[in-house]
Amino acid sequence: MKPGRNHSSVTEFILLGFSRNPRTNWILFFLFLFLYLFTVLGNGLIVTLIRVDARLHAPMYFFLSILSLLDLSYATTTVPQMLVHLVRKNKTISYVGCVVQMYVFLTLGITETWIFAAMAYDRYVAICYPLHYRVKMSQTLCVLLVDSSALCGLTCALVYTVFAMNLPYCGPNEINHFFCEIPAVLKLACADTSLNDQVDFILGFILLLIPLSLILASYVCIFVAILKIRSTQGRIKAFSTCASHIIVVTMFCIPCMVMYMRPGSEASPEDDKKLALFYNIISAFLNPIIYSLRNKDVKKAFLKLIRMNEDTQ
């Protein structure tokens, strides 16, 4: 291929996945199938509960329903294909399919980081300005925060994807990963990827550190307000409304920072796959558990839904 031409001679990629051992792959198939089905069921249930129960029609639960939809979509972008590849000898994905998967995955992930920031701001207003909560967190503002998060995801994911796929890919075409994630794909490029490393770092700073800084600033103000509460029970109650969010943000954002803010030359394929599993599958699997177990309103809505189903039978 002539140098300087920005096209690829590769028409498809091979996703190597986790193991070449069929027995190991079948074990992983059933494990990930369980995680995926629970992810779909758990996140789908949270969205349903928030929609049907009037007590959950509040800004905090609106953002939680968006987070659950993102988690469900996030896992669906990669897991079904991974399950098929675990039990089939043919582990190929077309060039176009790889680009689409990369773009959708990034869009959902970037949107989720900003939704985390919106959820932190919601908790800040609820605890620091409880009397003005409904006024400050209006429906218009909530929708605006979600729309702006989605717009940021759509735009920045396009930049990531264009910079990655504008490089020439002339072979080999084996991606040492279970889906088309940018760091893994860039290792196959037939060109210098230092510019991509710089773009990834800058975008990682904007899309991870800035939301995390906003989250941190919100929680500093929240903790100051909590310390001013005189009763111990009041402090515990105020902090408990934030604990689930803190856990979820930590599980999702720290692995993403490690993945997207380090030079590609320092990346280990096996470590990358473990990190990707954590923020792609494990996080989406645990989020419904974390929020439902720690939230009395969600548990009450679930019990109410069960009683409604029993009454209709």
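## A walk from the surface to buried side chains

Start by selecting Lys 296, which counts as exposed because its relative accessibility is 63%, above the 50% cut-off for that label. Keep in mind as you go that this is a predicted model.

**Stop 1: the lysine patch.** With Lys 296 still selected, switch on the cartoon: this lysine has its place in helix H10. Now add Lys 237, Lys 299 and Lys 300 to the selection; together with Lys 296 they form a positive surface patch. Which helix gives the most to the positive patch? Colour residues 296–312 to see the answer: that is helix H10, and it contributes 3 residues.

**Stop 2: the salt bridges.** The structure holds 2 salt bridges, and you can visit both. Select Arg 55 and Asp 53 and show their side chains: they meet in a salt bridge, with an N to O distance of 3.2 Å. Are the two partners buried or exposed to some degree? Arg 55 has 49% relative accessibility, so it counts as partly exposed. Asp 53, at 3%, counts as buried.

Next, move to Asp 122 and Arg 123. These residues form a salt bridge too, and the closest N and O atoms are 3.0 Å apart. Asp 122 counts as buried, since its relative accessibility is 1%. Arg 123 also falls under the 20% cut-off for buried, with a value of 9%.

**Stop 3: a histidine in a loop.** Select His 177. You will find this histidine in the loop that runs between strand S3 (174–175) and helix H6 (182–186). Is His 177 buried or exposed? Its relative accessible area is 1%, so His 177 is buried. Now show the side chain of Glu 181 as well: a polar contact of 3.1 Å joins it to the side chain of His 177.

**Stop 4: an asparagine in helix H7.** For the last stop, colour residues 194–227, which make up helix H7, and pick out Asn 196 within that helix. Asn 196 is buried, because its relative accessible area is 5%. What does the side chain of Asn 196 reach? Display the backbone of Phe 163 and draw a distance to its oxygen: the side chain of Asn 196 reaches that atom at 2.8 Å.

To compare these stops in one view, keep Lys 296 (exposed, 63%), His 177 (buried, 1%) and Asn 196 (buried, 5%) selected together.

Notes: Residues numbered from 1 in each chain as written. Predicted model: local features only at pLDDT ≥ 70, side-chain atom pairs only at ≥ 80, totals over all residues. Heavy atoms only, no water. Patch = residues over 30% accessible without salt bridge, like charges linked within 9 Å, V, L, I, M, F, W, Y side chains within 5 Å. Areas by Shrake-Rupley, 256 points an atom, 1.4 Å probe, with all protein chains shown as cover. Salt bridge = Lys/Arg side-chain N within 4 Å of Asp/Glu carboxyl O. Lys, Arg positive; Asp, Glu negative; His and termini not counted. Charge placed at Lys NZ, Arg CZ, Asp CG, Glu CD. Helix = DSSP H or I, 4+ residues; strand = E, 2+ residues; numbered from the N terminus. Buried < 20%, exposed > 50% of the residue type's maximum accessible area, 1.4 Å probe, protein only. Polar contact = N/O pair within 3.5 Å; in protein donor to acceptor, adjacent residues only side chain to side chain.
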